[in-house]
Amino acid sequence: MQIYLVGGAVRDRLLGRPASDRDYVVVGATPQQMIDLGYKPVGKDFPVFLHPRNGEEYALARTERKSGRGYAGFTFDTGTEVTLEDDLRRRDLTINAMAEDADGRLVDPFGGAQDLQQRVLRHVSDAFVEDPVRLLRVARFAARYAPLGFTLAPETAALLRTMVDNGEVDHLVAERVWAELRRALTEPQPSAFLRVLRDSGALARLFPQIDALYGVPQRAEFHPEVDTGIHTEMVVDMAARLAPGDALIGWCALVHDLGKALTPTDQLPRHVGHESGGVAPIRELAARYRPPAEFVELAVLCCRLHLQAHRAFELRPGTIVDLFEQLDGFRKKERVAQFLLVCSADKRGRLGLSEMPYPQADWLRTAYAAAAAIDAKPFVARGLTGPAIGEAVRQGRIAAVAALKPPVEARSG
């Protein structure tokens, strides 16, 4: 019985990055031996055990054989004759197919360390094409490591296209697609996730509403990058910069402009009404992948209202209060901050404008603080009841916003 540290912990150590999880492979043991040693079995499809003291995962070395379509279409062998190299061969990328023995010696049969040095994402074997989830995982790793200069090996890119062409990607279950997308949106460069999917053809199959944005022009005076798909890439990257690790902000940034794909060609490059037109495709994606309700609600609000934030200095006090009410911001205080993060990412996710100020956000934060400070208690004390209280609070909030002066940037034009 031999135990090896495997996967991400080994990769991250060689990259000089902290490892969040430590996973182990056990070679030459049976499930009963693991149980006799006090390990707690948790695996459903193949034997995985939790260490009795620290809870870390220990999996028996295994091989897998394709037996059907999709992620679950595999049979596994975890016999004591399965070697460490057998186990590593079934993994997705060479940088994830390394191990360390108990003395810290590296076991690297597929050149993962060299690919780390050369900043290459490369598949381990042709069996890669058998599991469609690997396409999403590679795209997610691209989003994580693109800032470090990693690129996709040409032969791996070709395999991804094969997986799309042979229909394997069509057997991905919605829950797994959403899980990988959500994780990709927490990575430093989510645009790399989109590019890998688009280059392979998977974006059109999995997220056609997003794929449809590419090639759609916008007015160059507002969008120097012109292409709406490129703008979306820049916005999700800006969202990752402004709200690191926040998948909710990343999701709203990703879908905020879906309505632009529906603009009639004779109206291009203008996109009149795209903010209302984008609601239906958001709901289509939500129906397919079932994200949490708060993701859907905030995404729809950001889609419908983001242009109001951009025009904040032109809005009347009553319209500003209306905006906060539509966001349900007086009950859910975090909503205003989340909305303004998405709007900031949209404004700054444009070619050459990533460092531009966005004073509209500061103005709306100031206005919100003034409006939110208006309390119902004084109106109740004056004897108001029922709907009259709500109207009095609303008028008080409008007056509070009207008493403010916009920032110098706005007054100077």
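The dialogue below walks through a sheet, two cores and one loop residue of a predicted model.

Student: How are the strands of the open sheet ordered, and what is the pairing?

Tutor: As a general idea, strands of a sheet pair through backbone hydrogen bonds, and they do so either parallel or antiparallel. In this predicted model, seven strands make an open sheet whose order is β3-β4-β5-β2-β1-β8-β9, with mixed pairing. At the edges stand β3 and β9 (106-107), each with a single partner strand, so one side of each is left without a neighbour in the sheet.

Student: In which sense do β1 and β8 pair, and which helix packs on the sheet?

Tutor: Strand β1 (residues 2-6) pairs with strand β8 (residues 99-100) in the antiparallel sense, over two bridges, and Leu5 is found opposite Glu100 in β8. Helix α1 (residues 8-15) packs on this sheet, where it touches β1, β8 and β9, and its direction makes about 55 degrees with that of β1.

Student: How many residues are in the largest nonpolar core?

Tutor: The largest nonpolar core has 107 residues, and among those with the most contacts inside it are Phe193, Trp251 and Phe339. Helix α15 (residues 293-310) gives the most to this core, namely ten residues. Once neighbours within four places in sequence are left aside, the contacts of Trp251 include Trp178, Leu285 and Phe295. A second, separate core has eleven residues, including Tyr4 and Val124.

Student: Where is Gly38, and why does it count as partly exposed?

Tutor: Gly38 lies in the loop between α2 (31-36) and β3 (40-41). Gly38 counts as partly exposed because its relative accessible area is 31%, a value that falls between the 20% and 50% limits.

How values were computed. Residues are numbered from 1 along each chain as its sequence is written. This is a predicted model: local features need pLDDT of at least 70, side-chain atom pairs count only at pLDDT 80 or more; totals for chains, interfaces and linings use all residues. Side-chain values use heavy atoms; hydrogens and water are left out. Helices (H or I, at least four residues) and strands (E, at least two) are DSSP runs, numbered from the N terminus. Buried means under 20% relative accessible area, exposed over 50%, partly exposed in between (1.4 Å probe, protein chains only). Two strands pair if DSSP finds at least two bridges between them. Contact means heavy atoms within 4.5 Å. Axes are lines fitted to C-alpha atoms, for helices over the stretch in contact, and angles run from 0 to 180 degrees between N-to-C directions. A nonpolar core is a set of buried Ala, Val, Leu, Ile, Met, Phe, Trp, Tyr and Cys residues joined through side-chain atoms within 4.5 Å.
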